[in-house]
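Pull up the model and let's walk through it piece by piece. A helix and its surroundings come first, and a couple of sheets follow.

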Amino acid sequence: MSTPKNIVQKILDAHIVTGTPEAGNAVGIRIDQTLTQDATGTMACLQFEALGFNRVKTEVSVSYVDHNTIQEGFENADDHKYLETVAAKYGILFSKPGNGICHQVHLERFGKPGKTLLGSDSHTPTGGGIGMIAIGAGGLDVAVAMGGGPFYLTYPKVIKVELTGRLRPWVSAKDVILALLEILGTKGNTNVMIEYGGEAVETLSVPERSTITNMGAELGVTTSVFPSDEKTRLFLKAQGREEGYCEISADEGAAYDRVITIDLSALETRAACPHSPGNVKKLSELAGTKVDQVLIGSCTNASYRDIMLTAALLKNKKISPSVSLGVACGSRQVLEMVSRNGALADIIASGARILESACGFCIGNSVAPRTDAVSIRTSNRNFFGRSGTSSAQVYLASPEAAAAAALSGEICDPAEYFKNDEYPQIETPSSFLIDDSMILKPASNGSKIEIFRGPNIGDPPSNTACPDTINGEVSIKVGDKITTDHIMPAGSRLKYRSNIEKYSEFVFEREDPQFAKRAFSNKNRDIHNIIVAGDSYGQGSSREHAAICPMFLGVKMVAAISMERIHRANLVNFGIIPAFFEDKADYASIECGDSLAISNVRECIEKGEALTAVRKSDGKNIRLNVELTEREKEMVLAGGLLNSIKSR
C-alpha cells in the first residue's frame, strides 16, 4: 500500500526529473508554465537568447507588461517592444500594457490545478490559490525553464495550515495571511511550502485563496497551495476554462512537518505596520491614527470580488477631505466588468482616483505619498522607501479596512465604522467577461520576426571565473532583513533594468549612496568586493538585478548570518559566493572597509569545506561556511550559470 501524500508531494513528485523526493534533498522539476513581467522579464529574455534556445518548450509561457507602464522617456516603451518581438519570435504569449497585473491575469486566463508555474516575480505563488505549485525565481532560472530545462530547488518541508470556522463579516482573507505572518514571521522559513486545508477551505473563493497564497511570499516560504475543489471548478467554468479542472486534495493520513490551526471565526481585523509585512497589529491597537492616503489594488487585492466589495462600501458616500484614495483593478477583465455594471461609477462618485490596471503604486513608480504621510494600502509589501517616499509610513490592510480609512480619515475597525451597514455579499459571477484580444499570440514561424532592440538594451553581463584567492574588502556592511528593494531600488530606477551599467549606479542607493563608486573603484584596482549582511538577507522581490548589478561592480562574495531562498539562488546563478558566518560574533566584529584575504577558495568550494577569511589589520581568522550542491559548485566556480552552460 502506497504512503499517503499531501498536495505538495502529489504535484512535486509528478514533476520530478532528477533527485530523490525527501525533505532537504536537491531536486529538479519539470515546469509546465512560466510567466515573466517587464521589470524582470527583459533580462530573462536576453538570457533566453544568450542560452541559444530557438523556441519555448513549456505548455504555456506568457510575457506580461505590468510594472513599468509609466513611460517617461523612451526606455520603457522600447523595452516593451523588445519583449513583444521576442515573444512573437520564440513562441511566447504577450500580454500588452493595460491588460492587467501578471498574477491576476494568469489566474484568470491560464492557471490550472496540478500544474507547475515558474515566474520571474516573487508573488508567482498567487497561482497556489487555484491548486498550482507556483514558484517565484530569478529571470535566469525562468529562461532555462522556458527552454525546457528543469528548475532546481530543495525538496521542502510542508507546513499544513488547518482552517476552521468561518470568517465573520468585515474580517477578510487578508487578515488570514496577516495572522499567519504573526505566527511564522518573515524569516527562517526557507525550503518550506505551506499547504492549506480544513473545513473552512470550502468557505473561501478562489480570489480569497489567492490573496492568501500571494502574500505568503512575505513568509519567505517557497510557495503556498490550496486544494482544487468545487470552488475551483466553478471559477474555471466562469472563465470558460472548465476543461483545465482536476480535483486535488491531500490523502487521508498524509504527514506534515508541522500543523498550525487558525480559527477563522475568532480572527480580528489586522494591519501590517511600517516597515515590514511581519510587523502585524490588530486594527483596534491602531485606531485613531490619521490617514493621508489610501490605495486599493495590487496583485493581492484587486480581484473582481475586491473591487465590487470596495464599490459597495463606497456607494453613496464621500471619502474624507483629508484623504487621497486611488483604486486600481487587477485586470482589464475586472475593470471592464465593473465599468459595465455601474460599480466603477460608484467608486468614482466617492471621490476616488481610478488608476491603471498595473503594479503602479505597489512598486513605487507612481502615486508616491507626501512627506511623512500615513498610507493604507491593500498591497503586500511596505518596505522602507518602497512607496517612493522614504519618510512615509505604509500600512497593509484589507479592502474593508482601507475603505473605512478612506471614508473616516483614520485607521479604524471596519466592523465599527460600518456597524449600521450590512456586509456586502459578493458572489463569484457565473460567467466572467472574456476578451483576450490584448494577449498577442506568437508567430507560427518565428524565423521571420526581427527583434526590436532600442539603445537601452544591452547584452547580459558575464562574470569571471571564481578566483582561487580573494583579495577582498568589505565594501558595505548592512543589518538584518535587507530586502532586494534596499539592494536595487525599484520605482523610477526600473527603466534601466536592461542597461546593467547604468542600473548598477544605484546599488544600495538608500543604504550608502557612495557604494557603487567605491565598489567600482575597488574592481578597477583588482580588489574583490565583499558584502557583509545580518539575518534574512535578500528578502522580498525576486529581482535578480540585486545579484547582477553587484556582480557587475565586482562583488565576489556575500557573507551573511542567513539568506532568503530566491536571492541566494540568484547569487549562485551569477557566480557570487553565498557564505555564512560560522560564529555570529564575527559578523558583529567586522567593519566596512576591513581587508580580508581568503586562500584556497576553489579547493574549499570543491571539497565542501569552510573558507577562512584573514583580516589583514589584526590577523583574525573568520570562518565562513559555503553549502552548495554539486550543480551549484560548478556554477560558482565557473562564474555563474551562463558560463557553466557554455563550458559544457
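The buried residues of helix H17 have cover that includes three strands: E21 (470-477), E22 (528-533) and E23 (555-560). Bear in mind that this is a predicted model. Which residues of H17 (residues 515-524) are buried? They are Phe515, Ala516, Ala519 and Asn522. Those four cover an arc of only 130 degrees around the axis, so they end up on the same side of H17. Now spin the helix around: on the face turned away from the buried side you'll find Lys517 and Asn524, both exposed. Here exposed stands for over 50% relative accessible area, and buried for under 20%. Just past H17, look at the backbone of Asp526, where phi is positive, near 60 degrees.

Next, over to a sheet. Six strands make up an open sheet, and reading across you get E7-E6-E3-E4-E5-E20, with mixed pairing. At the edges stand E7 (133-136) and E20 (439-440); each has a single partner strand, so one side of each is left without a neighbour in the sheet. Inside that order, E4 (residues 60-64) pairs with E5 (residues 93-95) in the parallel sense, over three bridges. If you want a spot to zoom in on, take Val62, whose bridge partner in E5 is Leu93. This sheet also has a helix on it: H4 (residues 102-109) packs there, touching E3 (33-37), E4, E6 (116-119) and E20. How does the direction of H4 sit against that of E3? The two make an angle of about 150 degrees.

There's another open sheet to visit, this one built from four strands in the order E11-E10-E9-E12, with parallel pairing. Its edge strands are E11 (223-225) and E12 (258-263), each of which pairs on one side only. On average, neighbouring strands here are turned by 20 degrees against each other, if you ignore direction. Which helix packs on this sheet? That's H1 (residues 7-15), in touch with E9, E10 and E11, and its direction makes about 125 degrees with that of E10. As for the pairing itself, E9 (residues 157-164) and E10 (residues 192-197) run parallel and are joined by six bridges. For a concrete pair to click on, Lys160 stands opposite Glu195 in E10.

Conventions. Residues numbered from 1 in each chain as written. Predicted model: local features only at pLDDT ≥ 70, side-chain atom pairs only at ≥ 80, totals over all residues. Heavy atoms only, no water. Pairing = 2+ DSSP bridges. Axes fitted to C-alpha atoms, helices over the stretch in contact; angles between N-to-C directions. Contact = heavy atoms within 4.5 Å. Buried < 20%, exposed > 50% of the residue type's maximum accessible area, 1.4 Å probe, protein only. Arc of directions from axis to C-beta.
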